[in-house]
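Grab a coffee and open the viewer. Here are some exercises to work through, each followed by its solution.

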Amino acid sequence: LAALLKSLGKFKEGEALYRQSWQSRKVKLGADHPDTLASMNNLGLLLKVAGKYREAEPVMQQAAERAEAMLGPSHPCTLRLLDNAALLMQELGKHQQAESILHKVLDRRELAFGPGHPETLQTLDHLASVLQAVQRWAQADQLLQRAWQAREACLGPTHPDTITSINSRAALLVKLKRRQEAVELVRKALAANEESLGHVHNGTFQWVGSLADVLQDLGQKVEAEQLYRKVLARAEEAYGPAHPTTISIVNDLASFLADIGEVIEAEPLLRRVVKARESIWGPAHPDTLQSLSRLATQLTVVGELDEALELSQKVADLSMEACGGSHPISLTILHNTATLLQKMGRHAEVDPVLQRCFQAGQAALGTTHPQTLQVLDKIAAVLASVGKYPEAEVISRGVLSAREESYGYSHVDTVLSLSRLAQLLQMMGNLVEACHLFEHVALSTEALMGPNHPDTMIALDSYATALRLNARLQEAEHVAKRALEGARFTFGSSHATTLQFLSNSALLLQAMGKHMEAGPMFRITLDAREALLGPHHQDTLQALINLAAHFEAVGHYEEAEPLVRRVLSCRESSLGRSHPETLSSMNNLVLLLRETGRLEQAENLAQDTLKKAETLGSNHRCAIQALVSMAALMQALGRHQEAEVLFKRALRSSEVTFTRSHPSTLNIVSNLAAQLLVVGKHLEAEPLLWEAVEGQEAALGPSHPDTLQAVNSLAAHLMATGRRPAVEPLLRQALESSDSKLGSIHPITLTILNNLAVMLQRSSRLQEAEALLRKSAQGSTTMFGVAHPTTLCSYNNLAMLLKEQGRYEEADILLKRIIASSEAVVEKKDLAATFSLNNLKMLLKESKVEPIIESLSPLSPLGSGFLFGDFGHIGCCYCAKPRARPEKDAVERHGPLLQCSDIEDVDNNLTKLLGSAGGISKPNMLL
């Protein structure tokens, strides 16, 4: 009866009966009687299945020790009890103890029963499993081959035990990357099974599933799906649609479809599994609970968060009641519930759930058990999501240390910890270590899994993203191309993983300034995700954000706006107006409204965004982002005092969340400095400009876009205050870095090129300036097209230079050609392009106009422009000597200010140089 209750998942009732049986036998037969020891063993096995590993361990060890003392070390009962104790040690993660016990059992069984006895061969299987857990693949393979050959010799090639041996070795071959051999073995086993048991036997169905699994791993998903559907049709015909065997196959098919990205088709199959298992086993059976949990996870994937949470909470209650809080199923369900709450932005509810999960896991499994460490990983992720980076780092490093000690530095779980630590470090701004870790993860994963394994592709893509954000674009392009090609071969072009890699490749092209190539890739990603996942899925929404940001980058605001509003509408309806992702979407719309000159609408929305963001905490990332957006908007409205106050508030909050030296904080430092310069607070601004340059260079390297923007802002200030000799080396060094790392036609390279030319022009070095301006104009035309504001700015400056040299006819011919080419394609709502075009028309009528110093929009704390979301903000340091400042003392730095003969009004000149924050009325230096 206890065994029946155990099979039904009624562990509490089964445990009570096993304890009653043990106590009765102990009283009547004695504590060391074989039947009493058998009762102890049965109780230990039930406790193990129920997830009560700590309770099971002393029971099973005591039973084995008593059997060894009373019955002898080689008695069959002793060896069985030792074997079971070893398997429990493996579950507890005590692999060395498990291996030691199994070697002892193997030696004794070989001596007592012979090398070909079924129990001896079973020990070989168990020992091979332990060796695989510690990645001693070759030794495990030898044991599995030995067991297979012995069974084939003793039992024949079609015996179920022989076929099971073939399956075990095939699974190992997959891990060893010898997948073709694995396929041949499984096909052989399937043929033998069909010959022995027939086409509609449970064993045959299991083998078809095994073959499908291996084919899926090989990337042959079409054949794998055909096999699943073929065996399902056979099972439905033989057993009916609601038989447990049929439902098990439906569950396997649903899992397969979800794994290959067919999430919409998988959902109804999972609902069918849940309904059938509830009917067959009841709602609290372990199989039913697992199915309910899987359905909740699937609902999360497709964006049905409310239903997913309701289902998760229901499953958690059922699992706690039926299995207890320490059962693996209960721990998994709690973990999934915490993940869901985090996705919904309900951070305050996440930590208690995870702490409860951790405490239960620690009590049942121990501090260093894999499942306990997995929960600790999740706790670290939640802490990071709410800005508690130091606490998260302590936990992540502890998990990494525990896995290194248990498994070694090259184990797959250790590499996973390295990857998670790298992600955390990049958020913290510890970019040097993060970059090294991403590289190590990619190399280690390739060594462990092989060059074509899916995990290798993912690791390569992550490393490519790290290289891209570190401005090592040529290296990133090579790595990203390899990852994308591998994903297409392994998963197919429409798989979710492939689409993620495609999106990241588009972001790389965007970073390289190749907007015309990036645009179609963003569009392909969006269309494919919408077809695969539906219009409201978070990945679809992210694709919409990225495409909108692309349109914004090339000045196509009319195309960007409906995409931004669509994302905002979806997030408001599914997540609520105060969710962090909704607030990010609101901020994106604020940026767009500001760029298109609708400042009153932008202000109303920005105030609403800031108010809601501050409900998450004044130091939350969303609140900092909203403060920066509001400050930039105040600049555009000419309300400079309010802008300064807001920038300073954002800076204080960012220092608390990210530290002063974090790149995001330094971006705010740059923006604050620019604001101070506009209102003439030079002494207060200049130290901030230097801090931004030196800090970004230390954190990100001299070639990173944020560093180059900081350098350009500093150069603008130095030029405006009459220190041109200091400007040229700054801009030339920046140009060299940008040209070599970002490319000759990258937007930042073109901007620096333009600004260096303006500096040379003002220094009367007109021939040098002309060569640079022609290069800038040609590059901008190639990059953006003739009607883009950046291109028009370059031609504006070139025409002015020609007029300054008295080459009026040549200048007018150039201006007429550019105006004629641009008027037909400039959109009315593109205020920046319209303004630049008007500048050219005015220049036709005037003999002398000031050259324009080119700019980009101000940086947000997390970068510039829209919030691209398929990557984090990371980078890596370059070794660089400290940058020499032109003067040491602040008074000396401002000494030459009034001696500059060509600057009549310093404050007015700075205003012209820095322009408006949004870059709408006049292009300016990089902020």
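The exercises below go from the whole chain down to single residues, and the model they use is a predicted one.

**Exercise 1. Get the overall picture: how many helices and strands does the chain have, and what share of its residues is buried?**

Step 1: Count the elements, and you get 43 helices and two strands.
Step 2: Go through the 927 residues, and 57% of them count as buried.
Step 3: Look at contacts with a separation of 6 or more; residues 24 or more positions apart account for 63% of those.

**Exercise 2. Find which residues touch the most other members of the largest nonpolar core, and which helix gives the most to that core.**

Step 1: The core has 132 residues, and those touching the most other members are Leu589, Leu714, Val727, Ile752, Leu756 and Leu814.
Step 2: Helix H31, residues 621-636, is the top contributor, with 10 residues.
Step 3: Zoom in on Val727. Leaving out residues up to four places away in sequence, Val727 touches Ala715, Leu718, Met719 and Met759.
Step 4: Now look elsewhere, since another core lies apart from this one. That other core has 80 residues, including Ala50, Leu215, Ala322 and Leu354.
Background: nonpolar side chains tend to be buried together in soluble globular proteins.

**Exercise 3. Check the length of helix H30 against its residue count, then say what covers its buried residues.**

Step 1: H30 runs over residues 599-613, which is 15 residues.
Step 2: At 1.5 Å a residue the span should be 21 Å, and the end C-alpha atoms are 20 Å apart, so the two agree.
Step 3: The buried residues of H30 are Leu599, Ala602, Glu603, Leu605, Ala606, Thr609, Leu610, Lys612 and Ala613.
Step 4: Their cover includes helix H29 (580-595) and H31.

Want another go? Try helix H15 (residues 286-301): its 16 residues should span 22 Å at 1.5 Å a residue, and with end C-alpha atoms 23 Å apart that agrees too. Among the buried residues of H15 are Pro286, Leu289, Ser293 and Gln298.

**Exercise 4. Locate the one aromatic pair in the structure and work out why it is called stacked, tilted or edge-to-face.**

Step 1: The partners are Tyr228 and Phe256, with ring centres 5.2 Å apart.
Step 2: Their planes sit at 45 degrees, so the pair is tilted.
Step 3: Tyr228 belongs to helix H12 (residues 221-239) and Phe256 to helix H13 (residues 244-259), so the pair ties together parts 28 residues apart in sequence.
Step 4: Tyr228 and Phe256 are both buried.

**Exercise 5. Are Glu393 and Asp706 buried or exposed, and what do their side chains contact?**

Step 1: Glu393 is in helix H20 (residues 389-407), and because its relative accessibility is 17%, it counts as buried.
Step 2: The Glu393 side chain has a polar contact of 2.9 Å with the side chain of Arg397.
Step 3: Asp706, in helix H35 (residues 705-720), also counts as buried, at 6% relative accessibility.
Step 4: The Asp706 side chain makes a polar contact with that of Asn667, at 3.5 Å.

**Exercise 6. Where is Ser764, and what is its phi?**

Step 1: Ser764 is in the loop between helix H37 (747-762) and helix H38 (766-784).
Step 2: Its phi is near 65 degrees, a positive value in a residue other than glycine.
Step 3: For context, most residues other than glycine have a negative phi.
Step 4: At 60% relative accessibility, Ser764 counts as exposed.

Key: Residues numbered from 1 in each chain as written. Predicted model: local features only at pLDDT ≥ 70, side-chain atom pairs only at ≥ 80, totals over all residues. Heavy atoms only, no water. Core = buried A, V, L, I, M, F, W, Y, C linked by side-chain atoms within 4.5 Å. Buried < 20%, exposed > 50% of the residue type's maximum accessible area, 1.4 Å probe, protein only. Helix = DSSP H or I, 4+ residues; strand = E, 2+ residues; numbered from the N terminus. Contact = heavy atoms within 4.5 Å. Expected span 1.5 Å × (residues − 1). Polar contact = N/O pair within 3.5 Å; in protein donor to acceptor, adjacent residues only side chain to side chain. Phe/Tyr/Trp six-rings, centres within 6.5 Å; stacked < 30°, edge-to-face > 60°.
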